[in-house]
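Work through the exercises below with the structure open beside you, and try each task before you read its solution.

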Amino acid sequence: MRLLSLLALILASLPAAAAPAAGKPNLLVIIADDLGYGDLSCYGAPDLKSPALDDLAAQGMRLTNFYANCPVCSPTRAALLSGRYQELVGVPGVIRTYPQDNWGYLSPDATLLPAALKSGGYHSAIIGKWHLGLEAPNRPTDRGFDHFHGFLGDMMDDYYKHRRHGINYMRLGDEEIDPEGHATDLFTEWACDYLKSRQGKAEPWFLYLAYNAPHTPIQPKPEWVAKVKAREPGIADRRAKLVALIEHMDEGIGKVLGCLKAIGAEENTLVLFVSDNGGQVDVGANNGPLRGAKQDMYEGGIRVPMIARWPGKIAAGAESAFEAMTMDLFATALDASGASAPANLDGRSILPTLTGQPQEAFARDMFWTRREGNLRYMGEVTRAMRRGPWKLVKNSPFAPWELFNLADDPQEENDLAAKERKKFQELAAGMRLQIQRGGAVPWQKPD
């Protein structure tokens, strides 16, 4: 009896195997690629069905004034994973295969989210698209992730062959792999595999699930196109294909959320869903009532869907017009986890807003920067800035600066740069300081 009692005392002192350490929440961040503001049914799409994400919004909060840090891929991802403006971590533009078309190099000084979460005992994984470096020391496993199963590069030239410029960037850890199947299905399957591998583990986890859908090429599975066309008579072929690609991704997200529930982790997981930039309208995207699209500094290029769910913490069916940016998700995740935050963050936590607590609007300017190549940009920069309702925009390196008041002119139709000269000069002074900050940070690989 004494031996049994002693054994019972020992077992009682051990942590429950299935519970994350110290009750810390798991973190699931899902990012879509080029999903427009109006391309979910819960954001008003009339010809698209996104039941998984609609349910996520119904069970949590939908944000209506959430901004991507950039109207293209790499910079937004750098901001999300560093909590800083992208140009301040060396990624003002898209990281690509060829040096003459590469516009970023992730700073070795940047602390990424998985590394920051290690102080809180988190195991971290990335499934899907990385797009922040193609070789050491800027692969996911070099920058704090414990597990990587996905694609190193920018875009796939084919959703089934998984190549870019003929190069295979698919990896499991640091090992090149050549899987069969549609990329959306693969990333969904691998995300579920990771979740199942964490079942019964004591340490909390962070999963960064980065789909490449609905980025070009618009290559949905044929059965999904047939389903959309049968449901939406008269829909244009171009639009039907994009809708099919998005709906297929939504189904995959639903499967991942189902796996989360199956391992018993749904109640203790903060789920954040977001797009990296606006939709590409020349392939059929819908950015709602907003002007512009992917690549633009107008609202259609940078305002994106954002949904958060945390059962018991975030009220079901909530909605917020609180203004925030991708880089704020870094601070939000750390706030939820209790992990220590780096001292130099630009992002701020929106956890109070998500959990229904009073939160004043951030007393800050917001900046957007994008450096790009080809004959349209020639390595020059486009920019934007917001101060309250006022927005300063340079949508092309070779176009004049424009000024809009979004409170009066949400479609950005009336340029006030000449009429509101004092306000223009005030914002321009703030913009120049941000340009100077970014100009001090290298964005090419050191020799």
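The exercises that follow concern a predicted model, and each task is followed by a solution in steps.

**Exercise 1. A helix and its span**

Task: Work out what span the 19 residues of helix H12 should have, and compare it with the distance between the end C-alpha atoms.

Solution: Begin with the expected span, which is 1.5 Å times one less than the number of residues. For helix H12, residues 421-439, this gives 27 Å. Next, take the end C-alpha atoms of H12, which are 26 Å apart, so the two values agree.

**Exercise 2. The sheet beside the helix**

Task: Find the order of the 4 strands in the open sheet, and decide which strands stand at its edges.

Solution: First, recall that strands of a sheet pair through backbone hydrogen bonds, either parallel or antiparallel. In this open sheet the order is E15-E16-E17-E18, and the pairing is antiparallel. Then look for strands with a single partner: these are E15 and E18, and each therefore has one side without a neighbour in the sheet. On average, neighbouring strands of this sheet are turned by 15° against each other, direction ignored. As a closer look at one pair, E15 and E16 run antiparallel and are joined by 6 bridges, and Arg371 has Val381 in E16 as its bridge partner.

Finally, place the helix: H12 lies across E15, E16, E17 and E18, and runs at about 125° to E16. The buried residues of H12 include Phe424, Leu427, Met431 and Gln434, and what covers the buried residues of this helix includes the strands E15, E16, E17 and E18.

**Exercise 3. Two packed helices**

Task: Decide how helix H2 is oriented against helix H7, and name residues that meet where they pack.

Solution: Two packed helices are described by the angle between their axes and the distance between the axes. For H2 (residues 51-59) and H7 (residues 237-262), the angle is about 55° and the axes are 7 Å apart. This makes H2 oblique to H7. On the H2 side the contact is made by Pro51, Ala52, Leu53 and Leu56, which meet Asp250, Ile253, Gly254 and Leu257 of H7. Sorted by class, the contact has 6 nonpolar, 1 polar and 1 charged residues.

**Exercise 4. A glycine in a loop**

Task: Locate Gly144, and decide whether Gly144 counts as buried or exposed.

Solution: Gly144 sits in the loop between strand E4 (123-129) and strand E5 (147-151). Since buried means under 20% relative accessible area, Gly144 counts as buried because its relative accessibility is 15%. Leaving out residues up to four places away in sequence, Gly144 touches Pro114, Ala115, Lys118 and Ser124.

Note on methods. Residues are numbered from 1 along each chain as its sequence is written. This is a predicted model: local features need pLDDT of at least 70, side-chain atom pairs count only at pLDDT 80 or more; totals for chains, interfaces and linings use all residues. Side-chain values use heavy atoms; hydrogens and water are left out. Buried means under 20% relative accessible area, exposed over 50%, partly exposed in between (1.4 Å probe, protein chains only). Contact means heavy atoms within 4.5 Å. Two strands pair if DSSP finds at least two bridges between them. Axes are lines fitted to C-alpha atoms, for helices over the stretch in contact, and angles run from 0 to 180 degrees between N-to-C directions. Angles under 35 degrees count as roughly parallel, over 145 as roughly antiparallel, 65 to 115 as roughly perpendicular and the rest as oblique. Ala, Val, Leu, Ile, Met, Phe, Trp, Tyr, Cys and Pro count as nonpolar, Asp, Glu, Lys and Arg as charged, and the others, Gly among them, as polar.
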